[in-house]
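Q: I am new to this structure and would ask for a formal account of it. Please take a close look at a single residue, and then set out the framework in which that residue is placed.

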Amino acid sequence: MSRQSDAPLDLLLFPTWLVPVEPAGVVLKGHGLGVRDGRIALIAPRAVALKYQAIETRELEGMLLAPGLINAHGHAAMTLFRGLADDLPLQRWLKDHIWPAESRWVDEDFVRCGTELAIAEQLKGGITCFSDMYFYPSVVSELVHKHGVRAQITIPVLDFPVPDARDADEALRKGLALFDDLKHHPRITIAFGPHAPYSVADDKLESIRVLVAEMDAGIHMHVHETAHEVQEALRKHGERPLARLARLQLLGPRFQAVHMTQVDDDDLALLTEHNCSVIHCPESNLKLASGFCPVERLWEAGINVAVGTDGAASNNDLDLLGETRTAALLAKAVAGSATALDAHRALRMATLNGARALGIDEHTGSLEIGKFADLVALDLSGLAQQPVYDPVSQLIYSTSRDAVRHVWVGGKQLLESGRLTRMDEQQVIANARQWGERISSTDQR
């Protein structure tokens, strides 16, 4: 399989295992992958691949080459609030600690430092694309552009003032301007992020519906995160939040429902009918005791389920490989079946399903000819991975993000033998520590 050209390949990789994700369940041994002009140009048996000229050839002995991981939900700059208010229920955590801390500390410098910390952490964990829902999205876009990663940048919309917008109308105006500025960017897409059904009124949701229809943009929203959210909606409005969003015509293939721990038969029917995606954040849900997303039930209904870390303030890391392991194990317990969410499907959830949720699956999420060369190479030669019967099973159940060795985005190497190629890791750490000292000088508890 190759894209024909007389020009030499820019890069030719020979891993021990190549996992394309699409087709599903396939593991290729003795194959090479070639990159030209930032895209995958060749996937072929070693003997065939060696016939191609390449500017650089790399042997990745003992390594598994897979699509770069896609973190489908997070709040990048909240890395600077990591561990600030642990072991609290969601509403107390938000209202008594996180929102006051954001009001006091969040500005452009905070977002710049926190997002750089998040990008560095995610790259070292094999994440090539992330969805960010936080303030000062223009600052985030500058950093995504600078550091070479891929991202969906979501414009947060709430009914009350936030650090970079006096109201929802201002947030939407700024979001529209950013969309226009970046609509041709090869690595950045813009979506709109009404925070949650309980924090955005109908008129603002209607404005968002009109905007995204005109722009063909995604909607990224916390929905059914807790049973309390659903109960309060029923008490106040007489309908479940997802039903309200359906009535307001927000649901559709570009709708990204984050969390969804509460799913009844009517919810399932709405998600299926409108071809929505669900973003599963198991570790944040567990830590905040929010509930359990019925992943296997959603999957069996044909709903696209991706995985996200949520913010580091409620996780407390941006480790998508660990998140995916948790998702696989939790899915089995929730479904009461050891066959639920097997390792290959779990990897798909962290790659191609994430790309589909973000509307970029034509370009990334799997190793296919013509797609961007967003790649991660993980070392499976360690003690904890031996012996290797099924490398994907070993990846999901036995391997930590410490095994990530190399990362490429659009064919450009951003992690080389565990070292960031475009970022000064020690400076990122020093900047984060300075913010931590500032924030810890006041009592946030």
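A: The residue chosen is N285, which is placed in helix α10, residues 282-287. The model under discussion is a predicted one. N285 has a relative accessibility of 2% and therefore counts as buried, since that term applies under 20%. Once its neighbours within four places in sequence are set aside, N285 is in contact with H259, T261, H280, S290 and G291. Another residue to consider here is M260: it is 25 residues from N285 along the chain, and the two C-alpha atoms are separated by 9.8 Å.

One of these contacts leads to the sheet. Strand β12 covers residues 277-280 and pairs with β13 in the parallel sense over 4 bridges. Within this pairing, I279 stands opposite A306 of β13. The open sheet as a whole has 8 strands with parallel pairing, in the order β6-β7-β8-β9-β10-β11-β12-β13. Its edges are β6 (69-71) and β13 (304-307); each has a single partner strand, so one side of each is left without a neighbour in the sheet. From one strand to the next, the twist averages 25 degrees.

Two helices that pack on this sheet may be described in turn. Helix α4, residues 137-147, touches β7 (127-133), β8 (150-157) and β9 (188-194), and its direction makes about 175 degrees with that of β8. Helix α12, residues 320-335, touches β6, β7, β12 and β13, and its direction makes about 80 degrees with that of β6.

Helix α4 has several buried residues, namely P137, V139, V140, S141, L143, V144 and H147. The general geometry of helices helps in reading such a list: an α-helix has 3.6 residues a turn, so residues three or four places apart point the same way. The buried residues of α4 pack against α3 (108-124), β7, β8, α5 (168-182), β9 and β16 (412-416). Just after α4, G148 takes a positive phi of about 85 degrees.

Helix α12, for its part, contains V334. With a relative accessibility of 39%, V334 counts as partly exposed. Together with L286 and F292, V334 makes a nonpolar surface patch of about 260 Å².

Salt bridges complete the picture. The whole structure holds 28 of them. In one, E59 is joined to R46, with the closest N and O atoms 2.6 Å apart. This pair links distant parts of the chain, as E59 is in strand β5 (residues 57-67) and R46 is in helix α1 (residues 46-49), 13 residues apart. R46 is partly exposed at 33% relative accessibility. Another salt bridge joins E56 and R58, whose closest N and O atoms are 3.4 Å apart. Of these partners, E56 is partly exposed at 34%, whereas R58 is buried at 14%.

A further salt bridge returns to helix α3: the side chains of E425 and K124 meet at 3.0 Å, N to O. Because E425 lies in helix α16 (residues 425-440) and K124 in helix α3, this pair ties together parts that are 301 residues apart in sequence. E425 is partly exposed, with a relative accessible area of 28%, and K124 is partly exposed as well, at 29%. Finally, R82, E121, D319 and R401 are joined into one network by salt bridges that share partners.

Methods
Residues numbered from 1 in each chain as written. Predicted model: local features only at pLDDT ≥ 70, side-chain atom pairs only at ≥ 80, totals over all residues. Heavy atoms only, no water. Pairing = 2+ DSSP bridges. Axes fitted to C-alpha atoms, helices over the stretch in contact; angles between N-to-C directions. Contact = heavy atoms within 4.5 Å. Patch = residues over 30% accessible without salt bridge, like charges linked within 9 Å, V, L, I, M, F, W, Y side chains within 5 Å. Areas by Shrake-Rupley, 256 points an atom, 1.4 Å probe, with all protein chains shown as cover. Salt bridge = Lys/Arg side-chain N within 4 Å of Asp/Glu carboxyl O. Buried < 20%, exposed > 50% of the residue type's maximum accessible area, 1.4 Å probe, protein only.
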